[in-house]
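Colleague: I'm new to reading structures, and I'd like to know where the labels come from. Can we go through a few?

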Amino acid sequence: MWKWLHPYANPEVSYHFTGKLIPWFTAISVILLVLGLGLALAFSPADYQQGESVRIFYLHVPAAMLSMGIYLGMAIAALTALVWQLKLAEASIAALAPIGATFTAIALLTGAAWGKPMWGTWWIWDARLTSELILLFLYLGVIALQNAFEDKSLAGKAASVLAIVGVVNLPIIHYSVEWWNTLHQGSTVSKLERPSMSADMFIPFVVCLFGFAFLVARIFGERFRAEIIARNSMRPWVKALVLAQEKN
Amino acid sequence: MATQHSVLLAADKLTCIREDRLLFDQLSFDVSAGDIIQIEGANGTGKTSLLRILAGLSQPYDGEVLYKAENIHHCQEDYNSDLIFLGHLPGIKGEMTSEENLQFYLKLHGLDHSLAEQTLAEVSLFGFEDALASHLSAGQHRRIALARLWQSNSKIWILDEPFTAIDKAGVEKLEQLFLRHAKNGGAVILTTHQDLSIHSNDFKKIILEHQFI
Amino acid sequence: MQTSYSSAFFTILKRDLTIALRHRDDIINPLLFFIIVVSLFPLGIGPVSNTLMKIAPGVIWVAALLATLLSLERLFKNDHADGSLEQLLLSPCPTFILVLAKILAHWLITGLPLIIIAPLLGVLLNLHQDSYTALMLTLLLGTPVLSLLGAIGVALTVGLKKGGMLLSLLVLPLYIPVLIFATSAIDAASMNLPYNGQLAIIAAIFFGSLTLAPFAVGSALKVSTN
């Protein structure tokens, strides 16, 4: 296990190892999502106030939680990339950032869609939505910075610095937005409350959350492999791999 | 002739990859006190990359550079105070006079800056001390940068094309300075497209070639 | 070594100030930008004094953010272009000292003039008369934060050809907390409410970024000069 985390960790080994994991992730996420979304859409109770629109919850909340979790994961990868010069960590930042940005965007869109029936308007400067919006900016910054460098290794290092700066700032931004929100809106606008959860909501929610988490893992695996290939294109094992594929 | 002296700087299995191109692979060599080493190679073989890695400005893809048997990134302050690196860009501010430019670098390295005016005379910039650098030519900028060598007490000099835009007399003067520096226990690592007039057994060559894999 | 660190710090500070004073556009242009942006708001919104009074803290602070953003590039861009940045990184003093010296110089050149001119703009925007002290205090504590956090962004983008637009994307989200607490302190002052809580938070952000930002800038510069 330590060998795998060693600075000279072998990209070839990780490439094949991730390849073996992907089918498992696919299977688990499909099963969990079918089960979870089925329960959520068909069997969980409608809210007495929000009616059927409460079901957006099963997409919105997992997306929001994962969008923050992915940023945290990215920052941890960034730290290992900078401290131990681990090149695979750089590849994983490049693989994670667009996934995180997509989930942030999903959280924003579903939040807006949920807001429409509740507040009668698509956008409201709700603390949680505003934080998600700023998180999206932070993700887009990492992606844009990464794309701006020609050299993949430099791009990875620059993105690492930014991701760490971002993760230090994220709690401060989050707290300040929350505080700003209570200051300016008070109790006049009801916030996007997380419904209090009964068991028949909690179980589908947890199943959905894990389903999406495995979906993230699955997409990450695919992108991670692509990043490894892109960063090692001049290595003999990659060339051998390409030749073997051409023969088939 | 200098092999008896202590090793100042060592390259240990350096590998450099730039934009998916392998420039050099597992390159190792020692730089001892008294060495003058010329890095040779065609354009694009990684001469500048090698010098920047040796100076600690770039990270090698693999391998490390050792200063007195310690990784240069672990003893950066000690290494930097024993190093002068002059790259393609002279690092001269157009808004300051040539004397102020030189003084700034001398002060930054904790050296006596009162001799700046005299030192500028060494690189035939006598009379230009108070001229703003923006009014001077590229060759004169390079001379201001090179003037630091006359005042330096650093052992390791890493010079990327130091003779660019320098006239014949200037080149000769620099070569004399390199020899004196080597004799005093220093080391010079340089790239140049000109032939050095220094006698060939006074200096070593490291030749970089295009890599094909 | 103590004395040589401080002498390196003041050498760099003096050099940057000398260059800026000989090249005054760098000081004057962001300041003009600040004034023009602020004076656009009454033209766009209408000269109703109550509306202006309400938006004044936000407008002054947003304009200050944008003016700082505009001036950030000069922090490392020229040094990178003429090669003195790599010479600075190769100097015997630790990177965070030279970074701090350069950021202090940047603040003296751009932040301080903004603070001096701000009361005048307060008058233009009909700022509440009880808010001036708060405006000055928040700017005094907040503009150094803008220079510190901005330096991270410039250090990351200085080696890029089209770094300008990217810089604003990287830096502006990081400015949000300062903006929120500064404007709310000024608002609170206009209502005669205590605002030392907000000031304390801005001060905390200032000390936090003062200790952490130089290290981020240092590692970013190492990437950019690679």
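Modeller: Sure. Let's start with a helix of chain B: the face of α6(B) turned away from its buried side carries the exposed residues A169(B), E172(B), Q176(B), R180(B) and K183(B). Keep in mind that this is a predicted model.

Colleague: What makes a residue such as E172(B) exposed?

Modeller: You count neighbours. A residue is exposed if 12 or fewer other C-beta atoms lie within 10 Å of its own, and buried if 20 or more do. E172(B) is listed as exposed, so its count is 12 or fewer.

Colleague: And which residues of α6(B) are buried?

Modeller: L174(B), F178(B) and A182(B).

Colleague: How do you know that the buried residues of α6(B) line one face of the helix?

Modeller: Look down the axis of α6(B): the buried residues fall within an arc of 75°, so they line one face. Their cover includes β3 (36-41), α5 (138-151) and β8 (187-191) of chain B.

Colleague: Why do you say the length of α6(B) agrees with what a helix should span?

Modeller: Take 1.5 Å a residue: the 16 residues of α6(B) should then span 22 Å. The end C-alpha atoms of α6(B) are 23 Å apart, which agrees. After α6(B) comes G185(B), with a positive phi near 95°.

Colleague: Where does α6(B) sit in the bigger picture?

Modeller: The domain assignment splits chain B into domain 1 (1-82 + 156-213) and domain 2 (94-153). Nine residues from domain 1 of chain B and seven residues from domain 2 of chain B make the contact. On the domain 1 side, helix α6 (residues 168-183) of chain B gives the largest share, three residues.

Colleague: What classes of residue make up that side of domain 1 of chain B?

Modeller: Six nonpolar, three polar and no charged residues. As for spacing, the C-alpha centres of domain 1 and domain 2 of chain B lie 24 Å apart.

Colleague: How do you know that the radius of gyration of chain B agrees with a compact globule?

Modeller: With 213 residues, a compact globule would have a radius of gyration near 17 Å, and chain B has 17 Å, so the two agree. Of those 213 residues of chain B, 43% count as buried.

Colleague: How many residues of chain B are in contact with chain A?

Modeller: Five residues of chain B, and they meet four residues of chain A. The chain B side divides into two nonpolar, no polar and three charged residues.

Notes. Residues are numbered from 1 along each chain as its sequence is written. Chains are lettered from A and ligands numbered from 1 in the order in which they are written. This is a predicted model: local features need pLDDT of at least 70, side-chain atom pairs count only at pLDDT 80 or more; totals for chains, interfaces and linings use all residues. Two residues are in contact if their C-beta atoms, placed from the backbone, lie within 7 Å. Ala, Val, Leu, Ile, Met, Phe, Trp, Tyr, Cys and Pro count as nonpolar, Asp, Glu, Lys and Arg as charged, and the others, Gly among them, as polar. The radius of gyration is taken over C-alpha atoms; the globule rule is 2.2 Å times the number of residues to the power 0.38. Domain bounds come from an automatic or database domain assignment. Helices (H or I, at least four residues) and strands (E, at least two) are DSSP runs, numbered from the N terminus. The expected span of a helix is 1.5 Å times one less than its number of residues. The arc is that of the directions from the helix axis to the C-beta atoms.
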